[in-house]
Structure formats: C-alpha cells, structure tokens
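Here's a quick briefing to read alongside the model. Have the viewer open and follow along by residue number.

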Amino acid sequence: MDLITLSDVPLGRLLVVAAHVASQRWNRYLADEHGLTQAGLGALTAIGQHGEQPHGVVAERCFVRPATLTGIIDTLERDGLVIRQRDATDRRTVRLALTAAGRAKVTAVNAASRAEQPLTSVDNDPARAAVVREFLLEVIGNGEDPQLTTDGGHRC
C-alpha cells in the first residue's frame, strides 16, 4: 500500500486543509494576543466599518442569526468594546456601537495583521502571490452563495 502525502492530495482538498490550518492559527493568535474570537473580531469590524447600526444588520453582515450575535455582543460588551443603545425612534431596535476601546482593538488587530511575518515565501514574491490571489478569488467567486459578493464583499 502506498502512503499518501500532502503532495499527492488533489488541489481542492489541499485548499481545504490549508484553510483549516490557517484558520486555527488565526484563531489562536486572536485569542492569545488580543483576547478575541474570530466571531468577535468580525462583529467589531462590521461595526467599525459601518458605524453604529442595528443588531440585525450587524448579524446579517456577519452571516449569523441575530440570536447568535447576541452572545458575541454580550462578550464584547462585557469586555468594554461595544455598547448597546436603544434606537430613539424605535425602542424595539437595539443599535450597536464601538467604544473607544473597541476602536483601539480593531486598529491594533489590523495593524498587527499587516505587520506580521509572511505566512509563506509566496508573500514575498509578488508574481507568485498574484497567481495564488487569482486562484483564491476564482475559487471564492465560484461559490454558490450570492451573498459572498454582496456589498462589494465587505462582510465579516
């Protein structure tokens, strides 16, 4: 019986494995260095990019149900990163906004992610990076979910 190595795995499966490994590393980094989950950072980013907005809109931008977002916001609020405010015109609506600490956290994570060491040697080679980027964008663009490209792709 021949042993299968990663170099023998079909490209699509290799992409799934790479995404899983990169996601685990990213989640560990967020937790260890910034005290955040990926979902928490997604919510902070959505609020930071679009300003104060209703809970339901943030949930939609993060591809989660409003009930799921409630737990995420509970944690962010407890940590002093987000505040909830009742809408002045419709008291049933809860609006979410970043605190100064929340804005600082988003800025810190964004700065750190740009300054981190390259993930691979491809990051240092613009020609190779362009090929990989084109491949990934094509894979993403071939997805079945039309919301992946809604709003210019600016989602959580």
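Which residues of H4 are buried? They are Leu69, Ile72, Ile73 and Leu76. Keep in mind that this is a predicted model. Those buried residues of H4 pack against H2, H3, strand E2 (82-86) and E3, so a good part of this briefing circles back to that helix.

**The chain overall**

- You're looking at 6 helices and 3 strands, and from the N terminus on they run α-α-β-α-α-β-β-α-α.
- Of the chain's 156 residues, 23% count as buried.
- The exposed surface comes to about 10700 Å², with carbon and sulfur atoms supplying 56% of it.
- Take the contacts between residues at least 6 apart in sequence: 48% of them join residues at least 24 apart.

**H4 and its packing on H2**

- H4 covers residues 66-78. Its 13 residues should span 18 Å at 1.5 Å a residue, and the end C-alpha atoms are indeed 18 Å apart, which agrees.
- Helix H2 (residues 38-50) packs with H4 at an angle of about 85 degrees, the two axes being 10 Å apart. That angle makes H2 roughly perpendicular to H4.
- On the H2 side, the contact is made by Ala39, Gly40, Ala43, Leu44 and Ile47; on the H4 side, Leu69, Ile72, Ile73 and Leu76 do the job.
- Sorted by class, the H2 contact with H4 has 8 nonpolar residues, 1 polar and no charged ones.
- The H4 residues in that contact are Leu69, Ile72, Ile73 and Leu76, and these are also the buried residues of the helix. As background, an α-helix has 3.6 residues a turn, so residues three or four places apart point the same way.
- Just after H4, look for Gly80, which takes a positive phi of about 75 degrees.

**His55 and Val94**

- His55 sits in helix H3 (residues 55-61). With a relative accessible area of 13%, His55 is under the 20% cut-off and therefore buried.
- Leaving out residues up to four places away in sequence, His55 touches Pro66, Leu69, Thr70, Ile73, Val94 and Leu96. Two of these, Leu69 and Ile73, are among the buried residues of H4.
- Val94 belongs to strand E3 (residues 94-98). With the same kind of sequence neighbours set aside (up to four places away), Val94 touches Gln53, Pro54, His55, Arg84, Gln85 and Arg86.
- Val94 and Gln53 are 41 residues apart in sequence, yet 8.3 Å apart in space, C-alpha to C-alpha.

**H6 and the loop before it**

- Helix H6 (residues 126-141) has 16 residues and reaches 22 Å from its first C-alpha to its last, close to the 22 Å expected at 1.5 Å a residue.
- How many of the 16 residues of H6 are buried? The number is 0, so H6 lies largely in the open.
- Val122 is found in the loop between helix H5 (100-115) and H6. Is Val122 buried or exposed? Its relative accessibility is 16%, so Val122 counts as buried.
- Beyond its neighbours within four places in sequence, Val122 is in contact with Arg128, Ala129 and Val132.
- Val122 and Val132 lie 10 residues apart along the chain, and their C-alpha atoms are separated by 8.3 Å.

Definitions and conventions. Residues are numbered from 1 along each chain as its sequence is written. This is a predicted model: local features need pLDDT of at least 70, side-chain atom pairs count only at pLDDT 80 or more; totals for chains, interfaces and linings use all residues. Side-chain values use heavy atoms; hydrogens and water are left out. Helices (H or I, at least four residues) and strands (E, at least two) are DSSP runs, numbered from the N terminus. Buried means under 20% relative accessible area, exposed over 50%, partly exposed in between (1.4 Å probe, protein chains only). Contact means heavy atoms within 4.5 Å. The expected span of a helix is 1.5 Å times one less than its number of residues. Accessible areas come from the Shrake-Rupley method with a 1.4 Å probe; for residues, only the protein chains shown count as cover. Axes are lines fitted to C-alpha atoms, for helices over the stretch in contact, and angles run from 0 to 180 degrees between N-to-C directions. Angles under 35 degrees count as roughly parallel, over 145 as roughly antiparallel, 65 to 115 as roughly perpendicular and the rest as oblique. Ala, Val, Leu, Ile, Met, Phe, Trp, Tyr, Cys and Pro count as nonpolar, Asp, Glu, Lys and Arg as charged, and the others, Gly among them, as polar.
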